[in-house]
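User: Hello! I have a structure on my screen and would like a close look at the part where its chains come together. Could you walk me through that region in one connected answer?

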Number of protein chains: 2
Amino acid sequence: MTETTYAKGLEGVIAAESEVCQIDGANGKLYYRGYSIEELAKYSSFEETTYLLLYEKRPRKEELEDFSQRMRESRGLQKSVRNMIRDFPPTGSPMELLQSVISYLSSSVEHQIQHSATCNCRDTLHQISQMTTVLATYQRFREGKSYVEPRSDLSQGANFLYMLRGREPTPQEGRIFDTCLTLHAEHGFNASTFTARVVASTYSTCYCSISAAIGALAGFLHGGANERVMDMVDEIGTKDNVDAWLDKALGERRKVMGMGHRVYKAKDPRSIVMEDMLAELSKQRGDSSLCDILKQIETSFRARMEEKGKPIYPNVDFFSGAVYALLGIPRDLFTPVFAAARSPGWLAHILEQRNDNRIFRPRALYAGSEPRAYVPIEDR
Amino acid sequence: MTETTYAKGLEGVIAAESEVCQIDGANGKLYYRGYSIEELAKYSSFEETTYLLLYEKRPRKEELEDFSQRMRESRGLQKSVRNMIRDFPPTGSPMELLQSVISYLSSSVEHQIQHSATCNCRDTLHQISQMTTVLATYQRFREGKSYVEPRSDLSQGANFLYMLRGREPTPQEGRIFDTCLTLHAEHGFNASTFTARVVASTYSTCYCSISAAIGALAGFLHGGANERVMDMVDEIGTKDNVDAWLDKALGERRKVMGMGHRVYKAKDPRSIVMEDMLAELSKQRGDSSLCDILKQIETSFRARMEEKGKPIYPNVDFFSGAVYALLGIPRDLFTPVFAAARSPGWLAHILEQRNDNRIFRPRALYAGSEPRAYVPIEDR
């Protein structure tokens with residue numbers, strides 16, 4: 001590139017090396033640390049996945065027990081944070097609250113010592129453990145309910161549902177939501193992960209770096225696609241309306257939410273797992289209406305696109321909103337839940353950035369005014 | 001660059017066009033929107049500078065009055081934010097608090113409407129107005145003092161000193177601190193401004209973007225140089241110790257803080273203004289010891305470097321810590337004050353980013369493990 005050209009949005013520019021995650025878009029494969037997402041979804045709890053992402057290896061049984069214990073002991077919210085949540089204006093977005101709480105948590109005494117340049121931060125797990133706790137508490141407070149103390153005998157996913165509802169979820173629900181967290185735990189570079197790395201590159205704390213990443217995910221060009229899938233489902237109403245809706249939407253050049261992916265040119269492997277879990281939950285609930293309408297959208301839309309020679313597939317957001325809805329998670333918590341799930345990935349990238357660091361400081365191309373004289377306001 | 005090479009830290013890579021600020025490092029010149037920092041320091045209040053940065057033009061008298069009025073009316077802190085400050089653990093850093101408060105403020109009812117993709121955000125000035133208010137209140141609370149209501153008849157700089165001390169500063173002090181804010185209001189791309197733009201590129205709110213930028217400035221590779229200048233001054237003790245200290249420090253290859261700049265190869269124009277203000281304050285206080293020791297460090301260090309054919313000059317951080325100290329600002333608030341001063345620059349970059357946006361999404365070069373099998377933990 002010459003002095004006067006540049007790649008907008010740094011598109012195609014390599015910003016760093018990374019060992020965390022590999023996306024094979026052409027073949028629809030995703031690997032965390034070399035392990036396929038299908039196998040992780042099947043065998044690895046969210047805590048085990050977090051261990052893998054942070055320690056770069058699978059834990060032995062005792063290591064995982066230790067690690068899980070530490071994460072579970074970090075779930076509770078201190079009084080001042082509960083007050084922040086209680087006082088948060090109802091007009092605010094839970095993403096703003098989450099961003100705020102995570103940097104506030106950086107001040108916790110017992111973790112301050114970990115914030116040096118060389119700290120490996122693997123011991124500062126409050127920011128991961130407490131993300132879902134904050135969200136469950138936020139939801140309870142806005143429903144006028146009281147804080148539920150976390151339970152240390154439940155997985156990260158099951159504990160979230162427990163704190164949200166005030167009663168224990170079924171083992172099936174707990175497992176499904178825990179797998180949802182695993183599916184979203186990492187996905188290479190994107191605006192939020194890149195933000196986490198840029199902030200970490202100044203040797204800021206991992207809390208402050210993750211808080212910043214939440215800020216990026218809050219933007220509607222980044223997070224929120226599964227909310228919009230569910231808005232679309234609401235708009236369509238029933239399975240039988242799908243074709244008429246698609247005719248109209250495509251005629252108006254509207255986007256069909258949750259279909260297609262910038263990187264995956266085959267089926268997003270996460271969407272396959274998500275679809276299975278949706279089918280399982282629908283069967284358990286004895287109500288397949290959500291599942292049916294989504295399948296109909298997929299089938300009809302794909303058929304139309306294939307006619308045009310443009311194969312297209314559902315991405316992870318296509319089925320995840322329906323899964324969350326069936327688990328009783330309010331729609332405006334979908335993106336915050338995504339942030340909670342992504343926190344191990346962000347932390348893994350922060351650690352990797354620190355490990356071989358150079359502060360991110362790209363150049364700007366000046367395109368403004370030539371020097372000009374400023375005169376006092378009264379003389380203008 | 002080939003597929004396997006990249007510029008670490010995006011060094012030398014152009015990330016965007018910008019009209020906000022021009023730095024002519026070779027000639028020691030800095031311009032905001034084409035106007036030189038010397039003239040701005042002389043003629044333009046911090047509020048006027050903020051107007052210039054955000055509206056891309058100098059205000060007319062009535063425009064400035066209007067604008068200042070709006071900024072001044074936004075200074076007060078709501079109860080919930082005062083509680084956050086009061087409850088903030090004494091072990092926490094005020095940067096963490098500031099980052100947390102600014103995203104919390106994003107929820108303010110009257111500004112929520114401004115957060116759409118196309119909003120120009122020029123009307124959401126709480127995040128600029130309240131930065132210094134938060135810091136003054138933080139300082140008072142940790143001294144066991146009460147909240148001081150902001151005054152709308154004082155400049156941004158004078159109001160900060162008023163709220164910090166609980167009594168009105170002299171006009172000279174108010175003017176000097178207001179000029180300090182102007183000197184730091186903008187400085188092109190760096191890790192924090194780049195962070196603000198990356199977050200803004202997702203169409204996140206300007207509060208969330210600025211909060212993220214604060215997180216980046218909190219890292220010790222970015223902010224904090226003027227604190228370290230003052231630590232050095234403490235270590236040296238008196239003017240007469242300078243040469244011996246320099247001999248030892250240079251022998252140990254220690255860095256002399258506040259000297260030299262990545263971009264300026266001539267005198268940093270901000271340091272000239274800062275030095276004049278330090279001299280003025282020292283004279284008014286009848287105590288030139290801080291000024292004397294800094295001047296001695298500059299003279300002796302520059303002489304040594306010139307002998308080696310390496311001309312070096314003070315940067316803005318060299319004198320600013322001493323100015324802040326004479327104004328009674330505690331050392332750990334120097335970087336937070338910098339953040340408060342830089343907020344108009346961040347906001348100007350956020351607006352510019354939104355105006356011609358592409359989400360920042362660079363690539364990572366995968367350097368990790370090849371695909372490998374994951375087996376359940378009990379079968380390993």
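**A close look at the meeting of the two chains**

Analyst: Happy to. A good place to begin is H222(B), which touches T202(A) and I359(A) from chain A, along with N190(B), A191(B), S192(B), A216(B) and L217(B) from chain B, leaving aside residues up to four places away in sequence. Please keep in mind that this is a predicted model. H222(B) sits in the loop that links α11 (206–217) to α12 (225–236) of chain B. Among its neighbours, S192(B) also has a polar contact with it, side chain to side chain, at 2.8 Å.

Another loop residue of chain B that reaches across to chain A is N357(B). You will find N357(B) in the loop between α17 (334–355) and β5 of chain B. With residues up to four places away in sequence left out, N357(B) touches L221(A) in chain A, and S201(B) and Y203(B) in chain B. The side chain of N357(B) has a polar atom 3.0 Å from the backbone oxygen of S201(B). A polar contact, also listed at 3.0 Å, links the side chain of N357(B) to that of Q353(B).

Now let us step back to the interface as a whole. How many residues of each chain take part? Contacts bring together 102 residues of chain A and 102 residues of chain B. The two chains bury about 9400 Å² between them, and carbon and sulfur atoms give 60% of that area. On the chain A side, I14(A), R361(A) and Y374(A) supply 9% of the area that chain A buries against chain B, more than any other three residues.

Polar and charged links cross this boundary as well. There are 46 residue pairs in polar contact across the interface, counting those with both residues at pLDDT 80 or more. Helix α5 (residues 94–105) of chain A, with seven residues, gives the most to the side of chain A that touches chain B. Sorted by class, that side of chain A has 48 nonpolar, 32 polar and 22 charged residues. Four salt bridges are found across the interface of chain A and chain B. For one to look up on your screen, try K8(A) and D356(B), whose side chains meet in a salt bridge with an N to O distance of 2.5 Å.

The backbones of the two chains pair too. Strand β1 (residues 14–18) of chain A runs parallel to strand β5 (residues 363–366) of chain B, and four bridges connect the two strands. Within chain A, I14(A) has already come up as one of the three residues that supply 9% of its buried area, and the range of β1 (residues 14–18) starts at that position. Further along, E17(A) stands opposite L365(B) in β5(B).

After β1 in chain A comes a small stretch of strands worth following. Chain A has an open sheet of three strands, ordered β2-β3-β4, with antiparallel pairing. Why is one side of β2 (21–24) and of β4 (35–36) in chain A left without a neighbour in the sheet? These two strands stand at the edges and each has a single partner strand, so one side of each has no neighbour there. Four bridges hold β2(A) in antiparallel pairing with β3 (residues 29–32) of chain A, and C21(A) has Y32(A) in β3(A) as its bridge partner. Four residues separate the strands in this hairpin, where G28(A) takes a positive phi near 65°. From β3(A) to β4(A), the antiparallel pairing continues over two bridges. Y32(A) appears again here, with Y35(A) in β4(A) as its bridge partner. The hairpin of β3(A) and β4(A) has two residues between the strands, and R33(A) takes a positive phi near 50°.

Chain B has a three-strand open sheet of its own, in the order β2-β3-β4 and with antiparallel pairing. Its edge strands are β2 (21–24) and β4 (35–36) of chain B, each pairing on one side only. β2(B) runs antiparallel to β3 (residues 29–32) of chain B over four bridges, with C21(B) opposite Y32(B).

Finally, how confident is the predictor? For the complex, the predictor gives an ipTM of 0.95 and a pTM of 0.95. Chain A has an average pLDDT of 92, and 94% of its residues score at least 70. Residues 111–118 of chain A stay under a pLDDT of 50, and the model has 20 contacts for them beyond four places in sequence.

Notes: Residues are numbered from 1 along each chain as its sequence is written. Chains are lettered from A and ligands numbered from 1 in the order in which they are written. Side-chain values use heavy atoms; hydrogens and water are left out. Contact means heavy atoms within 4.5 Å. Buried area is the accessible area (1.4 Å probe) that two parts lose on being put together, summed over both. A polar contact is a pair of N or O atoms within 3.5 Å; within protein, one must be able to donate a hydrogen and the other to accept it, and residues adjacent in sequence count only if both atoms are side-chain atoms. Ala, Val, Leu, Ile, Met, Phe, Trp, Tyr, Cys and Pro count as nonpolar, Asp, Glu, Lys and Arg as charged, and the others, Gly among them, as polar. Two strands pair if DSSP finds at least two bridges between them. pLDDT is the predictor's confidence in each residue, from 0 to 100.
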